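Dear colleague,

I am handing over the structure we discussed, placed directly below this paragraph. My findings follow it, and I would be grateful if you would read them with the structure open.

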Amino acid sequence: MLFSLPTLKTCQVLVDEFRSAPQPFEPEKLRFAGVGERDVYNISAPFVDEGEWVIAGRVEARDSEQSEVYFFVERDGVWVPRDGAPVFALQDPFVARIHGQLVFGGVETFPHPVFDGELSWRTVFYRGRNICSLKKFAEGPDGMKDIRLVELKDGSIGVFTRPQGEKGGRGKIGFTRIFSLDELTPDVIEAAPILDAQFTDEEWGGVNEAHLLANGLVGALGHIACFDEHGNRHYYPMVFVLNPETMERSELELIALRSHFLDGPAKRPDLANVVFSGGLIRKGDGTAELYAGVSDAEAQKISLIDPFVKYEAQELDRMYASV
C-alpha cells in the first residue's frame with residue numbers, strides 16, 4: 001500500500017532514505033542573458049503562453065535581495081527576456097492554470113510595520129488569459145510565502161498554505177479548498193488546517209507547485225529545510241501526494257540533493273546546500289524534469305523518475321481499502 005499514516009521524519013532521515021532510491025541524472029545549467037550581471041534563480045518550470053514556452057525567473061544582484069521577476073523565452077539555447085512582457089517587483093515566481101486562466105504569483109516585500117529597517121512579505125496573485133493581460137486579484141496574509149493553487153477534479157480549487165509563528169512555527173503546510181478564485185482571501189488562507197506529521201519544530205517546508213494527477217489525487221512538489229549546527233541552511237526538494245477528499249497523504253520523500261546538480265556559485269556561504277524546487281515537467285514516459293534554483297545563485301534542471309507515477313497508477317478505492 002502506497003498510502004499509510006505519515007511518519008514524522010527529519011531532513012537527515014529523508015536524506016539517508018533517498019540515497020538508496022533511484023538517483024536523478026543529466027543535470028544541466030540553464031543559460032540566461034539580457035539582465036546584465038544579475039543572477040537568475042528560483043525559476044518556474046517552463047509553461048506555454050500564446051503558443052510559446054516561457055520561464056518565470058527571479059532576477060537579482062548577487063549582493064542584494066531586491067529582486068524582479070522576468071518572463072524568459074529560449075533563443076538558440078539561451079533564455080532571454082520576452083519582448084513586451086511585464087516585469088514584476090517580486091521574488092520566487094510560480095504559475096498555475098485555474099478555470100482556463102493563467103494564475104501567476106510571487107513574494108512581495110515591504111517595510112516591516114513594527115521593526116524599523118526590516119522587511120516583511122506577502123504572496124500576491126495575478127490572473128489573465130495570458131502574461132500580458134495579468135491583473136492582481138488577491139494577496140495572502142502578511143508574513144506567508146509558499147501559497148500554491150491547483151484546480152481539482154471536481155472543478156474546485158485546492159490551496160496549499162504555509163503559516164509560521166504560533167500556528168506553523170518555522171513553517172508548516174496547510175490545505176483548504178475554495179470554489180472560485182474570488183474566494184482567495186487572507187482569512188481563508190490563514191484558516192487552512194495544517195497537514196500534521198510533516199516537519200519537526202526545528203525544521204520547515206512548503207509547497208512550490210501542485211499537480212492534479214489522473215486519478216484525482218494531488219501531487220505536491222515542495223521543499224523541506226533545516227539549519228545545521230553552524231547556522232547554514234539546507235533545502236531539499238521533496239514530494240508528497242494528497243487525497244483532497246479524505247486529506248490522507250503519502251509520506252514526504254526527497255527527489256534530489258544539491259550534489260546531484262552541477263557545481264556552481266552560492267549567494268552566500270550558508271546557502272551552498274540549497275535547492276529550491278521551481279517546477280516539474282512530467283514527460284509521460286515515466287520520467288520528469290525538475291527545474292530549480294540552486295544555492296540562490298543560478299537555475300538548473302535535472303531528470304529523474306517521475307515521483308507521481310506510482311501514485312497515479314493506483315485506483316482510489318484500492319489505495320484506501322486498508323487505510
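I begin with the hairpin formed by β11 and β12, in which five residues lie between the strands and Gly155 adopts a positive phi near 90°. Please bear in mind throughout that this is a predicted model.

Strand β11 comprises residues 148-151 and is antiparallel to β12, with four bridges between them. Within this pairing, Leu149 is found opposite Val159 of β12. On β12 there is a second antiparallel pairing, with strand β13 (residues 174-178), made through five bridges. Here Gly158 is the residue opposite Arg177 of β13.

Together these strands give an open sheet of three strands in the order β11-β12-β13, with antiparallel pairing. Since β11 and β13 each have a single partner strand, they stand at the edges, and one side of each is therefore left without a neighbour in the sheet. The average turn between neighbouring strands of this sheet is 25°, with direction ignored.

How many of the five residues of strand β12 are buried? Five of the five residues, 157-161, are buried, so the strand is largely enclosed by the rest of the structure. The burial concerns both faces: Ile157, Val159 and Thr161 are buried on one side, and Gly158 and Phe160 on the other.

The loop between β11 and β12 also deserves a comment, as it contains Ser156. This residue counts as buried because its relative accessibility is 1%, the cut-off for that class being under 20%. The side chain of Ser156 forms a polar contact of 2.6 Å with the side chain of Asp154. When residues up to four places away in sequence are not counted, Ser156 touches Val150, Glu151, Arg177, Ile178 and Phe179.

I turn next to the nonpolar cores. The largest has 24 residues, and those with the most contacts inside it are Phe160, Ile173, Ile224, Met238, Phe240 and Leu254. At least two residues of this core come from each of α1 (11-18), β14 (204-212), β15 (218-227) and β16 (233-242). Phe160, noted above as a buried residue of β12, is thus listed again here among the residues with the most contacts in the core.

Leu254 may serve as an example of the packing. Neighbours within four places in sequence aside, Leu254 is in contact with Leu14, Val15, Phe18, Ile224, Tyr236, Pro237 and Met238. Apart from the largest core lies another, of 19 residues, which includes Leu217, Ile255, Phe261 and Val294.

Finally, there is an open sheet of four strands, ordered β7-β8-β9-β10 and paired in the antiparallel sense. Its edges are β7 (91-98) and β10 (135-139); each has a single partner strand, so one side of each is left without a neighbour in the sheet. From one strand to the next, the twist averages 30°. Within this sheet, strand β8 (residues 101-111) and strand β9 (residues 119-128) are joined in antiparallel fashion by 10 bridges. Phe104 is placed opposite Tyr126 of β9.

With kind regards

Key. Residues are numbered from 1 along each chain as its sequence is written. This is a predicted model: local features need pLDDT of at least 70, side-chain atom pairs count only at pLDDT 80 or more; totals for chains, interfaces and linings use all residues. Side-chain values use heavy atoms; hydrogens and water are left out. Buried means under 20% relative accessible area, exposed over 50%, partly exposed in between (1.4 Å probe, protein chains only). Two strands pair if DSSP finds at least two bridges between them. A polar contact is a pair of N or O atoms within 3.5 Å; within protein, one must be able to donate a hydrogen and the other to accept it, and residues adjacent in sequence count only if both atoms are side-chain atoms. Contact means heavy atoms within 4.5 Å. A nonpolar core is a set of buried Ala, Val, Leu, Ile, Met, Phe, Trp, Tyr and Cys residues joined through side-chain atoms within 4.5 Å. Axes are lines fitted to C-alpha atoms, for helices over the stretch in contact, and angles run from 0 to 180 degrees between N-to-C directions.
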